[in-house]
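Thanks for coming. I will go through the pockets, the ligand and a few backbone details, in that order. Please have the structure open.

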Amino acid sequence: SSEVDNNPEDEFQALLQTLEQQTNWDGQRLVKYNGFWLLELLFRPILSARKYFKAKATDVILSTMPKSGTTWLKALTFSIANRSVFPIDQSPLLTSNPHKVVPALEFNLYWGKENPDPELIPDPRILSTHIPFEMLPDSIRESDCRIIYVSRNPLDVFISHRHFLLENKFAKDAVPLALDEAFDMFCQGIHPFGPFWDHMLGYWNAHLKNPERVLFLKYEDLKEDILSNVKKIAEFIGSPFSPEEEKQGVVEQISRLCSFENLKNLEVNKSGNVLGLMKNSSFFRKGEVGDCVNFLTPEMAERIKNLMEREFQGSGLIY
Ligand code: A3P
């Protein structure tokens, strides 16, 4: 009957039945939706966000693939946007994990809530998401809001994600697959929010098409020159640093506050968790570029390199 058809839970279960499914190497369920492998855990919130989220022109959306630098980007953007509200020594980041300070669409806002009150978060809103560009709620793609994407070398992403999932054990009873099997799945694009090349290309092409609305950053560039990237983010969100601020060292202060060493060593990030699922400490492992060489063989690195050359060919995206 139509009554049954209109039950969101039934509709959701019916849709789920039609989708290709896989088990990630750590035991978590993945479903393939519009060409992307989504964590089943997040599928319902993602659908709700797509259906109900209304972006505002003043929103800033932080988009990433997991383990590409989300935590860092959250800390930076929050600090830049709120620098006139909180002095550095009173920053909420000193007492809260960055994931508490900047909520995620699928983890926080729509987690267990079909259609939450959008006023729960005051304007101007900073929100994060792992949703691929093509799959974002229409209102994000159609509004004048800003999107900041941070990408990272997929080899480091893979290793970082490997550690993160082993540390947090989402599927309690699962026996994780060995590294080489997990790597093979990654290269096939079967990983949370994969294939990584499509995730990166979606935002890359959006950036090329509309650079005023979509900023494309690289984790490696942030590591190399944080100061100019902090300035870039500030300009992009429409609040560039004044000459006075620059003279006072505000750019340096924000960079230092959000640095890996500083955040990792804060009491708040040494204990506690996000949503009872992810240890705060697990978001701060090594924070380096190229740690993958300590875990992957040259053949594995070559495989990803070839994959990227093929997939990124002609796009202008270089990794
Ligand atoms: P590693 O596992 O390589 O150390 P995400 O924030 O997207 O979950 O990504 C986590 C990765 O970013 C981890 O990488 C983590 O250590 C690193 N990271 C977290 N905070 C950082 C910061 N402030 N500066 C640099 N890297 C950071």
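By class, the residues lining the largest pocket are 22 nonpolar, 16 polar and seven charged. Keep in mind throughout that this is a predicted model. The volume of the largest pocket is about 750 Å³. Its lining has 45 residues, and those closest to the centre of the pocket are Lys-67, Gly-69, Thr-70, Thr-71 and Phe-283.

Which elements build that lining with at least two residues each? They are the helices α3 (40-52), α4, α6 (105-109), α8 (154-168), α11 (219-224) and α15, together with the strand β5 (126-129).

Now the ligand. Where does the ligand sit? It is in the largest pocket. Two elements give two or more residues to the shell around the ligand, namely α4 (70-81) and α15 (260-264). Of these, α4 gives the most, with three residues. Both helices also appear among the elements that supply the pocket lining.

The shell consists of 18 residues, and the closest to the ligand are Lys-67, Thr-70, Thr-71, Ser-160 and Lys-286. Sorted by class, the shell has seven nonpolar, seven polar and four charged residues.

Three contacts are worth finding on the screen. Start at Thr-70, where an N or O atom of the side chain is 2.5 Å from an oxygen atom of the ligand. Then go to Ser-160, where again an N or O atom of the side chain is involved, at 2.6 Å from a ligand oxygen. The third contact is with the backbone: a polar backbone atom of Ser-68 is 3.1 Å from an oxygen atom of the ligand. How much of the ligand does the protein cover? On its own the ligand has 560 Å² of accessible area, and the protein covers 98% of that.

On to the second largest pocket. It has a volume of about 240 Å³. There are 14 residues in its lining, and Phe-78, Asn-82, Ile-121, Pro-122 and Pro-124 are the closest to its centre. By class the lining of this second pocket has 11 nonpolar residues, one polar and two charged.

Pro-124 brings me to the backbone. Most residues other than glycine have a negative phi, and most peptide bonds are trans. Three places in this model are worth checking against that.

The first is Pro-124 itself, in the loop between α6 and β5. The peptide bond leading into it from Asp-123 is cis, with omega near -10 degrees.

Next is Pro-195, which lies in the loop between α9 (179-187) and α10 (196-209). Here the peptide bond from Gly-194 to Pro-195 is cis, and omega is near 5 degrees.

Last, Asn-34. What is the phi of Asn-34? It is near 50 degrees, a positive value in a residue that is not glycine. Asn-34 lies in the loop between β2 (29-33) and β3 (36-39).

To recap the ligand site: the ligand is in the largest pocket, α4 gives the most residues to its shell, and its polar contacts include the side chains of Thr-70 and Ser-160.

Definitions and conventions
Residues are numbered from 1 along each chain as its sequence is written. This is a predicted model: local features need pLDDT of at least 70, side-chain atom pairs count only at pLDDT 80 or more; totals for chains, interfaces and linings use all residues. Side-chain values use heavy atoms; hydrogens and water are left out. A residue is near a molecule or strand if one of its heavy atoms lies within 4 Å of it. A polar contact is a pair of N or O atoms within 3.5 Å; within protein, one must be able to donate a hydrogen and the other to accept it, and residues adjacent in sequence count only if both atoms are side-chain atoms. Accessible areas come from the Shrake-Rupley method with a 1.4 Å probe; for residues, only the protein chains shown count as cover. On a 1 Å grid over the protein atoms alone, a cavity is a set of points where a 1.4 Å probe fits but cannot get out, and a pocket is an open set with protein on both sides within 12 Å along at least five of seven lines; lining residues have an atom within 4 Å of a point. A molecule sits in a cavity or pocket if more than half of its atoms lie within 2 Å of its grid points. Helices (H or I, at least four residues) and strands (E, at least two) are DSSP runs, numbered from the N terminus. Ala, Val, Leu, Ile, Met, Phe, Trp, Tyr, Cys and Pro count as nonpolar, Asp, Glu, Lys and Arg as charged, and the others, Gly among them, as polar. Grid points are joined across faces, edges and corners, and a volume is the space filled by probe spheres set on the points.
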